[in-house]
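I sat down with this one and went through it piece by piece. My notes are below, in the order I looked things up.

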Amino acid sequence: MDQKDNTLKVTVSRGTSGEQFEQEFEVPAYENQTVLDVVSWIQQNSDPTLSYRFACRVGMCGSCAMMVNGEPRWTCRTHVKKVVRKNTLSIAPLRNLPVVKDLAADMTPFFDKWVDAEGYHHPTRTRHDPMQEVTPNDEERNRANAGIECINCAVCYAACDTVANNDAYLGPAALQRAWTLYNDQKNENGQAILDAVSRDGGCHSCHSMGSCSLYCPNELDPMSAIAGLKRETAKNLFRRRR
Amino acid sequence: MLEFRLYMAQRLTALLMAPLVFGHIAVMIYAVQGGLSAAEILGRTQGSVFWFLFYGTFVFAVSIHASIGLRTILHEWSGLKGGLLNAVAALICAALLALGGRAVMAVTLL
Ligand code: SF4
Ligand code: SF4
Ligand code: FES
């Protein structure tokens with residue numbers, strides 16, 4: 001990196017929902033540096049009042065996602081090199097969510113929608129029963145496995161234009177979790193899941209444009225999971241009529 | 001639940017429309033290639049139960065399909081919702097049915 005390239009111009013969104021403003025910082029550039037490193041450098045060296053959220057720093061916990069140059073990213077695993085434009089970075093809280101302060105988005109609506117989509121475990125057995133066997137290679141299990149590595153980072157939720165334009169829409173992560181559970185042998189009451197995702201704002205509101213699958217940092221495919229829900233709910237409609 | 005019903009209605013009308021679109025295109029190409037005049041075309045379509053049903057079904061499917069799609073766009077782009085949104089969508093459906101129906105009748109009734 002040559003001399004004039006060794007500082008980054010970083011624009012950071014500050015404040016809370018409705019009262020946001022932008023602030024510029026100069027941050028030393030390094031050969032190896034993540035966006036989270038940049039945010040941490042600012043907090044440690046320029047302005048200790050900067051609020052942001054992270055925990056694991058290795059792409060496991062899903063707490064560090066922010067908008068970087070207008071696109072949702074997991075900041076702990078996004079190298080500055082990959083996203084920087086002319087030595088400038090703009091960093092903002094995740095789109096489609098209220099802001100707690102500065103770079104920390106309020107995840108409440110995101111997690112409320114997981115519950116609304118029945119995206120929680122419905123156990124088949126109690127502790128007194130023998131363990132449920134899981135056949136590792138059957139089709140259903142593979143469908144469940146496809147979405148199981150979701151880290152709840154809400155990158156997909158921020159990337160989705162349907163979420164942006166339709167308040168009621170449950171969003172890609174919650175619907176993908178519903179699909180994962182629907183296919184899980186250890187989960188009961190698939191009908192409750194199908195009913196939940198068939199309500200207004202459910203899977204049928206998805207326009208299948210695929211921003212969620214494009215941006216998911218774990219390379220999951222919520223769009224296809226939602227397509228699965230659409231198919232199952234439609235089939236189920238005819239099944240129930242009979 | 002309403003959205004799910006509309007979703008199904010939109011898919012089913014799409015299913016109806018697909019073969020009708022191909023039929024319509026085939027008829028147009030045939031009419032143009034054969035050099036049929038307007039009077040000759042009307043001579044074949046007027047009084048034909050087949051063409052009445054063909055284009056009648058088409059108009060019916062289009063009206064439902066399009067008004068559901070426009071309802072979604074209106075909701076997402078203008079924030080319109082609830083009863084007002086449904087009323088506007090129903091109005092669009094009625095207008096398409098009226099306009100299309102009028103054309104079908106003009107071409108197929110004697
Ligand atoms: S495919 Fe569906 S969930 Fe994914 S970004 Fe598009 S509308 Fe949102
Ligand atoms: S599906 Fe991907 S982008 Fe969405 S919350 Fe899960 S890990 Fe994050
Ligand atoms: S800090 Fe845990 S995923 Fe980034």
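These entries cover the chain interface, the ligand shell, a hairpin and the salt bridges.

Entry 1, status. I'm working from a predicted model, so I read everything here as computed.

Entry 2, the interface. I began with how chain B meets chain A. Nine residues of chain B touch 15 residues of chain A. I get about 1200 Å² buried between chain B and chain A, with carbon and sulfur atoms giving 55% of that. On the chain B side, B:Glu3, B:Phe4 and B:Glu76 lose the most area to chain A, and together they make up 49% of what that side buries.

Then I checked the polar side of things. How many salt bridges are there between chain B and chain A? The count is zero. The rule does find seven residue pairs in polar contact across this interface, with both residues at pLDDT 80 or more.

Next I asked which elements of chain B supply the touching side. Helix H1 (2-33) and helix H3 (49-78) of chain B each put in at least two residues. H1(B) has the largest share, five residues. By class, that side of chain B divides into five nonpolar, two polar and two charged residues.

Entry 3, ligand 1. I listed the shell and got 13 residues around ligand 1. The closest are A:Cys160, A:Thr162, A:Tyr169, A:Cys206 and A:Cys212. Helix H9 (211-215) and helix H10 (222-241) of chain A are the elements that give two or more residues to this shell. What about charge in the shell around ligand 1? I find no charged residues there, just eight nonpolar and five polar.

Entry 4, a hairpin in chain A. Strand S1 (residues 7-14) and strand S2 (residues 21-28) of chain A pair in the antiparallel sense over eight bridges. To fix the register I noted that A:Leu8 stands opposite A:Val27 in S2(A). Six residues sit between S1(A) and S2(A) in this hairpin, and A:Gly15 in the turn has a positive phi of about 90°.

Entry 5, salt bridges. Over all chains I count 12 of them. I picked out the one between the side chains of A:Glu31 and A:Lys81, at 3.7 Å from N to O. A:Glu31 is in the loop between S2 and helix H1 (35-46) of chain A, while A:Lys81 is in helix H2 (residues 80-83) of chain A, so this pair ties together parts 50 residues apart in sequence.

How values were computed: Residues are numbered from 1 along each chain as its sequence is written. Chains are lettered from A and ligands numbered from 1 in the order in which they are written. This is a predicted model: local features need pLDDT of at least 70, side-chain atom pairs count only at pLDDT 80 or more; totals for chains, interfaces and linings use all residues. Side-chain values use heavy atoms; hydrogens and water are left out. Contact means heavy atoms within 4.5 Å. Buried area is the accessible area (1.4 Å probe) that two parts lose on being put together, summed over both. A salt bridge is a side-chain nitrogen of Lys or Arg within 4 Å of a carboxyl oxygen of Asp or Glu. A polar contact is a pair of N or O atoms within 3.5 Å; within protein, one must be able to donate a hydrogen and the other to accept it, and residues adjacent in sequence count only if both atoms are side-chain atoms. Ala, Val, Leu, Ile, Met, Phe, Trp, Tyr, Cys and Pro count as nonpolar, Asp, Glu, Lys and Arg as charged, and the others, Gly among them, as polar. A residue is near a molecule or strand if one of its heavy atoms lies within 4 Å of it. Two strands pair if DSSP finds at least two bridges between them.
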